Amino acid sequence: MEEKYYKLLKQNFVSKEAVLTEIINLSAICELPKATEHFMSDVHGEYDAFNHVLRNGSGSIKEKIRDCFPNFTVEDISELATLIYYPQEKLEAQKILFLDNAFNQYCQKKLIELLKVAKFASQKYTRSKVRKALSENFRYILEELLNEVDATAEKKSYFSSIIQKLQQLGELSNLIVSLADTIRRLTVDHLHIVGDIYDRGPHPDKIIDRLIDMPSVDIQWGNHDVVWMAIIAGSPLAMMNVVRICSRYANLDILEERYGINMRAFIDYAERYYKPSSAFVPQLTEGIRISNEESELLNKLQQAAAILQFKLESQLIARRPEFLLGHRDVLNFIDFGNQKITLNHRVYDLISFQAPTIDPKDPARLTEEEERMLKHLLENFKSSHKLLKHVHFLLENGSMYLRYNGNLLIHGCIPLHENGDFKSFRIGDKAYAGRELLDFFDFNVRKSLSNPKQTNDFSTDLLWYLWVGECSSLFGKEAMTTFERYYIGDKSTHIEKKNPYYELRENQEIIKMILRNFNMDENGHLINGHTPIKEKNGENPIKANGKLIVIDGGFSKPYQKETGIAGYTLLYNSYGMQLVAHQPFTTVEAAVNKGTDIISANRLVEQVEEPVRVKDTNIGQSLMKNIADLEYLFEKYDLI
Ligand SMILES: O=P(O)(O)OC[C@H]1O[C@](O)(COP(=O)(O)O)[C@@H](O)[C@@H]1O
Ligand SMILES: [Mn+2]
């Protein structure tokens with residue numbers, strides 16, 4: 001086996017010297033500073049804000065400009081940064097402002113500045129990596145220009161002749177756009193999305209399209225992602241939940257326009273059975289207006305989806321006693337005649353509870369019409385090419401957790417008992433806890449999606465458990481009180497009690513224990529999303545003596561009034577980790593025309609004594625293994 005392996009390896013090299021060259025090349029890469037990782041989470045469909053933070057690299061671009069041009073004023077930095085964030089829009093705005101000649105001069109000046117920044121940003125990469133970051137159309141010209149930007153006097157005319165030619169051919173603007181893209185790509189090397197791309201905001205689909213085009217990205221699934229994935233895995237229950245949330249946040253466009261799902265039959269059904277009710281008034285983001293008619297329709301759709309969700313959930317609870325969700329079988333606790341419900345031995349009045357299609361004797365039963373409609377609608381969802389593409393992207397590039405460069409990334413939590421022990425989830429005679437539990441969930445997410453035709457199988461049902469279950473690492477609460485929030489006035493029933501993890505995670509010993517359970521070094525960090533940090537109440541996103549960082553992006557507009565800011569993102573480069581706080585994003589126009597940025601503060605999480613090098617990273621570890629193999633090959637070259 002060993003021998004075969006080295007024979008194969010040898011085929012990649014024409015000579016012993018070629019092996020040596022590769023060893024030198026890889027060893028040099030290992031000594032380079034570690035590239036920048038960017039962490040975002042809970043983007044919740046807010047494409048413009050997400051796109052802005054992606055473009056400004058949470059402040060990394062401005063930092064590069066500052067380091068490259070120490071004499072630049074704040075205004076100079078902001079000007080150039082805007083051009084790098086939004087090159088197309090910025091150039092168009094400048095064109096209107098200037099006469100032709102002045103515009104050309106502007107372009108020339110900016111091109112030189114951009115080349116200098118690009119050269120500066122490429123310092124920590126190999127030439128081959130920089131070449132890959134240049135757009136194919138302009139690769140040769142850009143390489144020339146990058147080489148010559150600091151040209152000596154005799155080469156100056158060569159440099160300017162290239163620029164003049166580009167100007168004559170009307171290509172200078174395109175080159176600037178391409179160079180700005182390269183700078184952004186060189187500044188942030190890898191992106192982590194720590195869950196919750198979907199729901200509440202209007203454009204999750206655009207976010208995923210953007211992620212698909214990114215060179216290096218991974219995703220840790222959030223509860224709001226898994227519930228969309230569950231639809232493609234065949235769950236009508238997850239589908240009703242998604243329809244309910246889309247109606248609640250006036251986002252039907254995602255389904256109808258973007259994913260091409262025909263909602264006609266469902267709309268018809270909801271119109272026939274439901275009247276608007278105050279608990280179901282759609283939640284609108286500030287500044288968004290809809291007509292009364294639309295609002296009433298969304299109201300009825302939300303009610304219809306909610307009732308169907310509760311029926312299907314009741315069926316699931318009955319067929320999965322092992323999920324221990326019996327106490328959440330709300331429809332079975334209702335006294336329909338008196339419009340009351342008994343929860344935890346207490347009786348509550350139901351408010352505006354409309355259930356026109358429920359048979360009190362068998363409340364979980366779907367009517368024939370509902371059976372047919374749901375079957376049809378599910379087929380519709382499952383034949384949306386775009387949705388399939390997006391879910392498969394999430395599946396292939398995502399996981400329940402990720403261990404990356406010493407850090408552990410998890411959207412929600414690790415379920416714990418109050419005493420800090422791992423809380424286990426029992427299925428049959430096996431109990432899963434900690435890392436084993438997350439591996440079990442991960443395995444079943446993949447299994448359910450490999451059998452999309454099965455709708456009631458264990459794996460598909462488990463995806464619903466991930467949405468509402470007490471031992472779900474994505475939910476992290478005792479129970480989801482959707483029913484109570486809609487129909488019960490007593491607010492104490494609305495509370496969703498968090499898993500003890502959320503208190504215990506303040507303690508660094510707990511985080512170390514979790515890292516050990518994941519077979520990781522205690523020096524690493526745990527990175528979470530999921531829970532908005534209420535900065536205005538003084539909550540600190542850096543916990544457990546710096547070992548745990550919560551980066552709920554707070555992008556979700558409806559939640560910004562609670563948090564007081566638009567949330568956090570994280571950067572990890574060769575100098576350490578920085579947490580970045582963001583203000584709410586306004587519009588692209590304001591960003592382009594006024595240079596409005598949304599970064600309010602950077603906070604150092606940890607500064608390393610020695611800059612982290614590639615050899616200290618995951619990629620570095622595998623490069624070192626390659627080097628060891630190549631060294632062996634080099635030594636025995638003539639014998640193999
Ligand atoms: O405010 P909304 O959109 O009705 O959602 C409330 C529900 O969202 C949840 O907070 C889950 O969503 P998050 O993952 O964004 O926290 C549930 O616990 C809660 O019942
Ligand atoms: Mn979440």
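Which radius of gyration does the protein chain have, and which would a compact globule with 640 residues have? The protein chain has 28 Å, which agrees with the value near 26 Å for a compact globule of 640 residues; the radius is taken over C-alpha atoms, and the globule rule is 2.2 Å times the number of residues to the power 0.38. This is a predicted model, in which local features need pLDDT of at least 70 and side-chain atom pairs count only at pLDDT 80 or more, while totals for chains, interfaces and linings use all residues. Residues are numbered from 1 along each chain as its sequence is written, and chains are lettered from A and ligands numbered from 1 in the order in which they are written.

**Overall fold**

- The protein chain contains 27 helices and 17 strands (DSSP runs numbered from the N terminus: H or I of at least four residues, and E of at least two, respectively).
- Its C-alpha trace spans about 95 × 70 × 45 Å along the principal axes.
- Of the 640 residues, 43% are buried (20 or more other C-beta atoms within 10 Å of the residue's own, with C-beta atoms placed from the backbone).

**Helices α14 and α17**

- The axes of α14 (residues 236-248) and α17 (residues 292-319) come within 8 Å and cross at roughly 155° (lines fitted to C-alpha atoms over the stretch in contact, with angles from 0 to 180 degrees between N-to-C directions).
- The two helices are therefore roughly antiparallel (an angle over 145 degrees).
- Residues of α14 including Leu 237, Met 240 and Val 243 meet residues of α17, among them Leu 301, Ala 305 and Leu 312 (C-beta atoms within 7 Å).

How values were computed. Buried ≥ 20, exposed ≤ 12 C-beta atoms within 10 Å, placed from the backbone. Parallel < 35°, antiparallel > 145°, perpendicular 65-115°, else oblique. Contact = placed C-beta atoms within 7 Å.
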